[in-house]
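Visitor: Please show me the model, and explain the terms as we come to them.

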Amino acid sequence: MSYSASFWEKDSFLKPYDLIVIGAGIVGLSSALFYKRKNPSDRVAVLERGFLPQGASTRNAGFACVGSIGEHLADMSKESEENIKVRIKRRYEGLELLKETLGEAAIGYDDCGGFEFFRSEDTFNKVAPEVDRFNRWMKELIEEDEVYSTGQMQGYPIIRNRLEGALHPGKMMEELAGKVSGMGIDIKWNSRVNEVSDSGEVTIANGPILKAQKVLFAANGFVQRLLPDLDINPARGFVMVTNEQRHLPWKGIFHHDRGYIYFRNIGNRLLIGGARNLDKDGEQTDQFGANETIKSHLQEFVSEALEFGRDWGIDYEWSGIMGFTSTKTPIVKQLDKHRFVAAGLSGMGIAIGMEVGQGASEMITAA
Ligand SMILES: Cc1cc2nc3c(=O)[nH]c(=O)nc-3n(C[C@H](O)[C@H](O)[C@H](O)COP(=O)(O)OP(=O)(O)OC[C@H]3O[C@@H](n4cnc5c(N)ncnc54)[C@H](O)[C@@H]3O)c2cc1C
């Protein structure tokens with residue numbers, strides 16, 4: 001006789017769940033946390049395919065940011081001002097929710113400020129006149145005065161955002177996972193979901209079929225594998241960290257080229273990433289890996305623009321997978337009686353991931 005679950009297992013571990021969340025990234029874990037707060041006696045599980053979260057939440061740059069003016073201006077060529085304002089406010093409030101829920105110390109938060117870095121005076125001169133407008137917006141949106149100011153750093157023009165900061169994504173996710181487990185939610189690692197039926201049957205690779213009243217897809221850049229019709233495309237992001245520098249003048253988080261390149265310090269090391277725009281089609285993939293064109297562009301940027309010269313090395317490099325919607329607005333919706341989705345964080349998940357999870361939990365509770 002083949003392996004089958006025992007009576008005891010079916011009456012304990014395998015009992016039907018009220019909610020199963022697919023994906024233990026910031027969105028999946030936050031959804032489970034806020035749902036359980038509202039529904040303390042419900043049985044909840046989070047299923048994660050990896051030994052760790054294996055998408056973007058532990059593999060990002062740790063920018064706690066609302067986006068640079070250059071990024072917003074680029075978005076404004078495709079979207080309305082009103083959309084941009086909504087997004088800035090959402091990012092700001094999402095970060096406040098994250099800090100309040102997990103605690104600044106626990107997530108390694110550093111209110112170091114954010115800087116938009118310009119390699120040329122010409123580009124700076126196109127963006128700098130917008131500072132007054134964005135300061136008026138910030139006053140209107142979040143009641144903060146003089147958020148942006150212009151200045152110089154290492155001889156380069158910059159625009160500073162005094163409210164941005166950096167955090168430690170590993171510590172953030174460890175804290176969040178700890179809180180979620182502490183509430184009695186089962187986090188099942190190494191549990192890849194292969195299929196979810198419209199009656200709420202969840203098939204795990206090499207594992208049992210679990211039953212749930214409600215199932216939330218929070219698999220972001222991988223969600224199309226389970227729900228091919230969703231308007232969410234994968235996008236790979238590449239990051240590297242240099243060896244320790246004797247003197248690193250770049251302290252804080254830095255945005256460049258409409259947000260496509262980003263860098264920050266980790267102690268005396270430099271983290272740099274991005275440049276996905278150099279090969280957007282090639283990077284529309286959910287496979288981890290490095291693109292040599294992008295990597296050498298970033299290396300050259302460090303050597304030339306940041307003036308590291310040739311005498312530096314890479315100690316760490318990795319990639320992460322994001323999920324982008326065509327509008328950059330995440331998709332949070334009910335698909336049918338049992339199935340829901342919260343995905344498509346469009347590269348902003350540190351800022352808005354917890355708030356998206358909170359919204360998803362309210363939608364599921366109300367359904
Ligand atoms: C290189 C890089 C830098 C970034 N920098 C920043 C930044 O500085 N600031 C910022 O705000 N955002 C940043 N982001 C974006 C941010 O990290 C993401 O938006 C956010 O982590 C998305 O969270 P999520 O929970 O939706 O997805 P994820 O964290 O990707 O979680 C989805 C989870 O689902 C799991 N999964 C997938 N398929 C299955 C399956 N079939 N069964 C079970 N589990 C499954 C995955 O393994 C994964 O753990 C960056 C992203 C990258 C890649």
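Guide: Helix 4 (residues 81-102) contributes four residues to the lining of the largest cavity, the most of any element. This is a predicted model, in which local features need pLDDT of at least 70, side-chain atom pairs count only at pLDDT 80 or more, and totals for chains, interfaces and linings use all residues. Residues are numbered from 1 along each chain as its sequence is written, and side-chain values use heavy atoms, with hydrogens and water left out.

Visitor: What makes residues 81-102 a helix?

Guide: A helix is a DSSP run of H or I with at least four residues, a strand is a run of E with at least two, and both are numbered from the N terminus. Residues 81-102 are therefore listed as helix 4.

Visitor: Why is the space called a cavity?

Guide: On a 1 Å grid over the protein atoms alone, a cavity is a set of points where a 1.4 Å probe fits but cannot get out, and its lining residues have an atom within 4 Å of a point. Two cavities of 30 Å³ or more are counted by this rule. The largest cavity holds about 50 Å³, and its lining includes Tyr92, Leu95, Glu96 and Lys99.

Visitor: How is the lining of the largest cavity divided by class?

Guide: Ala, Val, Leu, Ile, Met, Phe, Trp, Tyr, Cys and Pro count as nonpolar, Asp, Glu, Lys and Arg as charged, and the others, Gly among them, as polar. On that basis, this lining has seven nonpolar, one polar and three charged residues.

Visitor: What is the volume of the second largest cavity?

Guide: A volume is the space filled by probe spheres set on the grid points, which are joined across faces, edges and corners; for the second largest cavity the value is about 40 Å³. Strand 4 (114-117) and strand 6 (156-161) each give two or more residues to the lining of this cavity.

Visitor: Why does the backbone of Val27 count as being in polar contact with the ligand?

Guide: A polar contact is a pair of N or O atoms within 3.5 Å. A backbone N or O atom of Val27 lies 3.0 Å from an oxygen atom of the ligand, so the pair qualifies. A polar backbone atom of Ala56 is likewise 3.0 Å from a ligand oxygen atom.

Visitor: How much of the ligand does the protein cover?

Guide: The protein covers 97% of the 1,000 Å² of accessible area that the ligand has on its own, as given by the Shrake-Rupley method with a 1.4 Å probe.

How values were computed: A polar contact is a pair of N or O atoms within 3.5 Å; within protein, one must be able to donate a hydrogen and the other to accept it, and residues adjacent in sequence count only if both atoms are side-chain atoms. On a 1 Å grid over the protein atoms alone, a cavity is a set of points where a 1.4 Å probe fits but cannot get out, and a pocket is an open set with protein on both sides within 12 Å along at least five of seven lines; lining residues have an atom within 4 Å of a point.
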